[in-house]
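Hi everyone, thanks for making time for this. I'd like to walk you through one protein chain, going from single residues to the whole picture and back again.

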Amino acid sequence: MISKTDLVGAWELESWAIGYSDRDDFSYPYGEEPRGLLVYTDDGWMSAAIARGERARFPDDVSYRKVPDQTKGEAFSSYFHYAGRYRIQEGDVIHYVSMSLNPNFPGTEQLRHAELDGQTLVLSGKDRVGGVERFHSLVWHRSSPSDVEPPLEAGA
């Protein structure tokens, strides 16, 4: 069974697939090559960010606040984030959402069944939309501190 010690650290997303109770196919809400970062801290905080592998950039010569709403909406649709507290309960992880890009998420509890195989973490959950049950499977790989070079500090 998974423990808090197993989770603490940073995880990079490999895939997010959704199956459906009324059909045999799968969907990939952020494409077949999404990017994501999931962080669990030792003191009980978590943060999850997921995006399409390729996202359109905003114009460099326009302030974010002046980008047309439709363009902002497209950016919103290609990115997902929430953060809050978490706890482990009988092989499951419960995320207590306090912040989210989706205004409907704060105040919710997101239950995820957790399975760990070496450096691979699979979080699964289910929900119901329009009378159809959906089955989510997110595959994460533990991030190594040497995977990414940190930016140089100013003046270094």
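Let me start with a cut-off: a residue counts as buried when its relative accessible area is under 20%, and as exposed when that value is over 50%. Please also keep in mind that what you see is a predicted model.

With that cut-off in hand, take Ser100. This serine is in strand β6, which covers residues 92-100. Is Ser100 buried or exposed? Its relative accessible area is 19%, so Ser100 counts as buried, given that the limit is under 20%. And what does its side chain reach? One partner is the backbone oxygen of His81, at 3.0 Å. Another is the backbone nitrogen of Asn102, also reached by the Ser100 side chain at 3.0 Å. If we set aside residues up to four places away in sequence, Ser100 touches His81, Tyr82, Phe105 and Pro106. So His81 turns up twice for this serine, as a polar partner and in the list of contacts, because contact here asks for heavy atoms within 4.5 Å.

Just along from there is Pro103, in the loop between β6 and β7. Pro103 has 66% relative accessibility and therefore counts as exposed. Its C-alpha atom is 9.9 Å from that of Tyr82, and the two residues are 21 apart along the chain.

Now let's step back to the whole chain. There are two helices and nine strands, and from the N terminus the order reads α-β-β-β-β-α-β-β-β-β-β. Along the principal axes, the C-alpha atoms fill a box of roughly 50 × 45 × 30 Å. The chain has 156 residues, and 30% of them count as buried. Looking at contacts with a separation of 6 or more, 48% are between residues 24 or more positions apart. As for the surface, about 10,400 Å² is exposed, with carbon and sulfur atoms supplying 51% of that. On charges, there are 16 positive and 25 negative, and their mean positions lie 7 Å apart.

Next, the interior. Which residues of the largest nonpolar core touch the most other members? Out of its 25 residues, they are Leu38, Tyr40, Ile50, Leu121 and Trp140. Strands that each give at least two residues to this core are β1 (9-20), β3 (35-40), β4 (45-51), β5 (79-89), β6, β8 and β9 (132-142). The largest share, five residues, comes from β1.

Trp140 is worth a closer look. Not counting residues up to four places away in sequence, its contacts include Trp11 and Leu13, then Leu37, Leu38 and Ile50, and further on Leu121 and Leu123. Polar residues appear in its contacts too, among them Glu12, Glu14, Gln119 and Thr120.

Staying with β9, we come to His136, which lies in that strand. His136 has 11% relative accessibility, so it counts as buried. Its side chain makes a polar contact with the side chain of Asp127, at 3.3 Å. Beyond its neighbours within four places, His136 is in contact with Trp16, Ala17 and Ile18, and also with the run Leu123, Ser124, Gly125, Lys126 and Asp127.

That brings us to Lys126 itself, in strand β8, residues 120-129. Is Lys126 buried or exposed? Its relative accessible area is 59%, so Lys126 is exposed. Leaving out residues up to four places away, Lys126 touches Glu133, Arg134, Phe135 and His136. For a sense of distance, Lys126 and Glu32 are 94 residues apart along the chain, and their C-alpha atoms are separated by 20 Å.

Two last stops. Asp117 is in strand β7, residues 109-117, and is exposed, with a relative accessible area of 61%. Its C-alpha atom is 9.7 Å from that of His141, a residue 24 positions apart from Asp117 along the chain.

Finally, have a look at Glu90, in the loop between β5 and β6. What is special about its backbone? Phi of Glu90 is near 50 degrees, a positive value in a residue other than glycine. Glu90 is exposed, with a relative accessible area of 68%.

That's my tour, and I'm happy to go back to any of these spots with you.

Technical notes:
Residues numbered from 1 in each chain as written. Predicted model: local features only at pLDDT ≥ 70, side-chain atom pairs only at ≥ 80, totals over all residues. Heavy atoms only, no water. Helix = DSSP H or I, 4+ residues; strand = E, 2+ residues; numbered from the N terminus. Buried < 20%, exposed > 50% of the residue type's maximum accessible area, 1.4 Å probe, protein only. Areas by Shrake-Rupley, 256 points an atom, 1.4 Å probe, with all protein chains shown as cover. Lys, Arg positive; Asp, Glu negative; His and termini not counted. Charge placed at Lys NZ, Arg CZ, Asp CG, Glu CD. Polar contact = N/O pair within 3.5 Å; in protein donor to acceptor, adjacent residues only side chain to side chain. Core = buried A, V, L, I, M, F, W, Y, C linked by side-chain atoms within 4.5 Å.
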